Amino acid sequence: MAPDDAASLFSVDKYGIGQSVSRMEDPTLLTGKGRYTDDINSPGQAHGVMVRSQIAHGVINSIDLDGAREMPGVLAVYTIEDMDAAGYRNLQCGAVATNRDGTPMHKPSRPTLARGRVRHVGDPIAFVVAETRVQARDAAEAIYVDITQLAAVTDPLAAVAPDAEQIWPEAANNIALDFHFGDADAVAKAFTDAAHVTRLELVNNRVVVSAMEPRVAVVEFDAAAEKWTVHAGCQGVFGLHNGLAALMNVAPEQVRVLTGNVGGSFGMKGAPYPEYAPMMHAARHLGRAIKWRDERSESFLSDHQGRASHAAVELALDHDGRFRAVRVVTHADMGAYLTAVAVNPQTGNMVKNITSLYQIPLLEVITKCVFTTTTPTGPYRGAGRPEANYYMERLIDTAAREMGLDRIELRRLNAIPPSAIPYNAVSGMVYDSGDFPAIIERTLKAADWDGYAERAAESAAKGLLRGRGFCSYLEVTGPPATEMGGIRFDNDGGVTIVTGTLDYGQGHLTSFAQILSNRLAIPLDRVRLLQGDSDELIAGGGTGGSKSAISSGNAIDEAAIAVIEKGRQAAAHVLEAASADIEFSNGQFEIAGTDRRIALLDLASELRRGAALPADVPDSLDVELTNEAGPSAFPNGAHVAEVEIDPDTGVVSIAKYTAVDDFGVILNPMIVEGQVHGGVAQGLGQALMEQVVFDDQGQPLTGSYMDYAMPRADLMPPIDLSFHSVPATSNKLGVKGCGEAGCSGSIGSVMNAIVDALAEHGIEHIDMPATPERVWQALQNSKQA
């Protein structure tokens with residue numbers, strides 16, 4: 001950002017917290033000057049290509065590498081034997097959980113290249129390195145892998161059957177974790193005593209993450225320093241460098257991770273992948289930089305996928321419609337291997353989020369995390385939060401219909417009142433802030449809920465079915481993380497923020513600069529952001545779980561306060577006064593009651609010149625600290641979707657969309673709006689069209705965009721978005737997080753609207769994705785009923 005009047009950037013009213021400052025990142029990105037990993041080419045680099053299994057499940061009898069090794073340009077071909085001989089480790093699942101009986105969960109480690117068996121189509125078997133990418137690909141295609149095919153199992157419900165093919169010997173019935181939360185006896189009694197019980201079977205369809213930028217890496221090895229440099233897109237370089245060091249069985253200081261611009265991740269690029277170990281081995285073995293890049297069709301096989309679960313959900317109500325208990329029984333599809341936090345979305349996050357903003361005294365969550373012969377799954381935008389809210393909102397609409405109650409009145413009756421805040425939820429969470437009834441009322445007004453009949457009549461006149469859906473939601477943001485807050489005053493007069501989250505589309509530079517400017521009145525065009533170099537960080541929790549503003553934001557603010565304190569001491573020396581008499585305001589240190597002052601940036605420059613200073617005066621204003629983040633925050637809101645359905649084709653269109661969200665203190669409303677829009681788009685994609693499908697042999701039938709539908713611009717409606725902000729009390733900035741809320745609000749509102757539109761045909765439920773074929777078939781079946 002480079003405004004004509006740089007001095008105007010001192011105005012907190014224009015550029016501080018709460019202002020819609022244009023994204024400072026955008027000129028670079030929109031003019032093609034972004035630097036993504038694939039833009040990096042190291043001198044003398046070789047190219048790697050992965051050999052992947054074409055069979056979902058089988059025993060590897062042999063791998064014929066001779067022909068490939070003799071092909072032009074081929075430098076090496078590696079298999080698991082090479083990885084094992086070098087002493088590298090397997091990929092590990094970092095989640096910690098116990099089975100219902102108290103025993104540890106089963107966590108078979110994942111080899112970086114297949115060891116004796118393949119467990120999904122796309123499982124990496126060998127890594128080919130050649131002078132060119134084309135030569136490496138030709139050699140990879142020449143490798144013959146003799147595999148005895150075994151039975152595949154692609155559905156988590158089928159995988160737990162007694163006669164199902166066993167994928168891992170240590171995981172009986174293919175169960176990695178038999179998770180349980182809650183007082184089973186008390187919940188059972190609540191259901192027995194309930195005046196009404198609503199039950200639903202819901203599919204949380206598997207989706208491809210489909211980040212705009214496929215995964216790419218470039219690895220270099222410095223033999224003299226015994227150190228790797230890994231260029232890769234990720235969600236936090238500090239965590240990735242620690243993960244890669246553990247994988248390679250070396251000290252963390254032997255791995256440096258560098259990340260430039262990242263074209264999306266949504267949870268997928270957070271942890272090490274199998275490709276990195278053979279790349280790092282090849283770089284050391286060959287003394288050459290190694291570059292590898294996923295093709296888009298390959299990413300459909302190699303990137304972890306999202307969602308993928310089947311849930312039986314129940315809601316117990318008394319005669320008045322008050323909620324007495326919720327029970328969720330889930331079969332969660334882990335795929336063939338456990339990714340870093342694979343079990344968390346459908347276990348801990350389900351517990352934390354399923355009760356949403358309602359008064360629910362009892363909760364039971366039972367989750368079987370199940371292995372299948374499919375692509376592994378992991379966190380995807382929301383990581384359990386959207387589906388938890390979806391389950392709850394579908395239960396409420398269904399219960400209202402079954403009991404003859406108004407669906408809005410049922411929500412009003414059970415919403416947590418402001419007087420109950422702080423609220424001790426049955427999940428163990430303590431909701432510190434929120435005005436849930438007010439948001440419900442404001443959303444109804446914004447959506448013109450009472451004027452719906454006229455719009456429905458207009459749709460009917462066009463031969464279309466119209467429905468409306470309401471979805472309240474509450475999310476629990478990611479767990480607290482120790483985060484770095486660094487501020488450096490550069491030689492050229494600029495200021496660099498250093499922190500360990502990572503921007504992969506969120507607009508961190510702009511938002512974090514606003515926090516800094518709000519506290520120090522530093523012009524925004526002086527501010528830089530350093531996140532993508534692990535050697536520069538002392539801590540870093542990475543970006544994920546809608547917590548960047550909570551963790552990095554508060555760390556930066558704390559560092560800025562430390563700058564003021566150091567500056568007060570230095571200014572006292574420069575201005576020849578006592579530090580107690582120095583005040584700081586609007587970027588200036590001044591002696592109280594006088595006109596003697598020095599600007600913060602001038603003071604930093606003065607100290608850089610190296611003047612002789614007393615021992616008790618800081619020689620720099622630079623600050624480097626870590627911030628222990630407080631407890632989770634609770635973004636919440638309500639979304640209303642109105643849909644039109646063409647009964648002749650089953651096509652669903654979004655006719656009207658309204659959202660009111662509480663994100664606490666909003667750093668930059670424009671950026672927040674963009675985050676909500678993106679989340680809504682991904683929620684609509686899952687609700688209406690996205691679904692990964694495997695055949696009985698474990699072959700993916702949706703292996704490219706020819707077969708896998710993605711939301712497009714013409715699907716997105718105008719979004720009437722407003723905010724009802726109640727600041728969080730759990731962190732000094734009062735922020736709550738916003739990155740995943742759009743998914744949580746959109747899935748439930750759209751699916752409730754579709755069922756509402758179909759209700760006049762006697763259709764009480766339809767699973768995601770509500771594709772034209774599925775909707776049309778439901779209408780045809782209703783005619784025959």
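This report describes the overall build of a predicted protein model and then some of its local features.

## Overall build

The protein contains 21 helices and 28 strands, and its C-alpha atoms fill a box of roughly 90 × 70 × 55 Å along the principal axes. For a chain of 785 residues, a compact globule would be expected to have a radius of gyration near 28 Å, and the protein, with 28 Å, agrees with that expectation.

Of the 785 residues, 58% count as buried. Among the contacts with a separation of 6 or more, 79% are accounted for by residues 24 or more positions apart.

## Surface and charge

The accessible surface of the protein comes to about 28,900 Å², and 50% of this belongs to carbon and sulfur atoms. There are 63 positive and 99 negative side chains in the protein, and the centres of these two sets lie 1 Å apart.

## Cysteines without disulfides

A disulfide is a covalent bond between the sulfur atoms of two cysteines. The structure holds zero disulfides, and two of its cysteines show how the distances rule out such a bond. The sulfur of Cys369 has its closest cysteine sulfur in Cys93, at 9.3 Å, which is too far for a bond; likewise, the sulfur of Cys471 is 11 Å from the closest cysteine sulfur, in Cys743, and this too is too far.

Cys369 is buried, with a relative accessible area of 0%, and Cys471 is also buried, with a relative accessible area of 0%.

## An enclosed helix

Helix H9 covers residues 276-286, and because eight of its eleven residues are buried, it is largely enclosed by the rest of the structure. The buried residues include Tyr276, Pro278, Met279, Met280 and His281. After H9 comes Gly287, whose phi is positive, near 65°.

## Unusual backbone geometry

Most residues other than glycine have a negative phi, and most peptide bonds are trans. Two residues that are not glycine nevertheless have a positive phi of about 55°, namely Ser210 and Glu226. Ser210 is placed in the loop between strand E8 (196-204) and strand E9 (216-222), and with a relative accessible area of 14% it is buried. Glu226 is found in the loop between E9 and strand E10 (227-232), where, at 35% relative accessibility, it counts as partly exposed.

Cis peptide bonds are also present: one joins Ile421 and Pro422, with omega about 0°, and another joins Met768 and Pro769, with omega about -10°. Pro422 lies in the loop between helix H13 (407-414) and strand E16 (423-424), while Pro769 lies in the loop between helix H20 (741-758) and helix H21 (772-784).

Notes: Residues are numbered from 1 along each chain as its sequence is written. This is a predicted model: local features need pLDDT of at least 70, side-chain atom pairs count only at pLDDT 80 or more; totals for chains, interfaces and linings use all residues. Side-chain values use heavy atoms; hydrogens and water are left out. Helices (H or I, at least four residues) and strands (E, at least two) are DSSP runs, numbered from the N terminus. The radius of gyration is taken over C-alpha atoms; the globule rule is 2.2 Å times the number of residues to the power 0.38. Buried means under 20% relative accessible area, exposed over 50%, partly exposed in between (1.4 Å probe, protein chains only). Contact means heavy atoms within 4.5 Å. Accessible areas come from the Shrake-Rupley method with a 1.4 Å probe; for residues, only the protein chains shown count as cover. Lys and Arg count as positive and Asp and Glu as negative; His and the chain ends are not counted. The place of a charge is taken as NZ of Lys, CZ of Arg, CG of Asp or CD of Glu. A disulfide is a pair of cysteine sulfur atoms within 2.5 Å.
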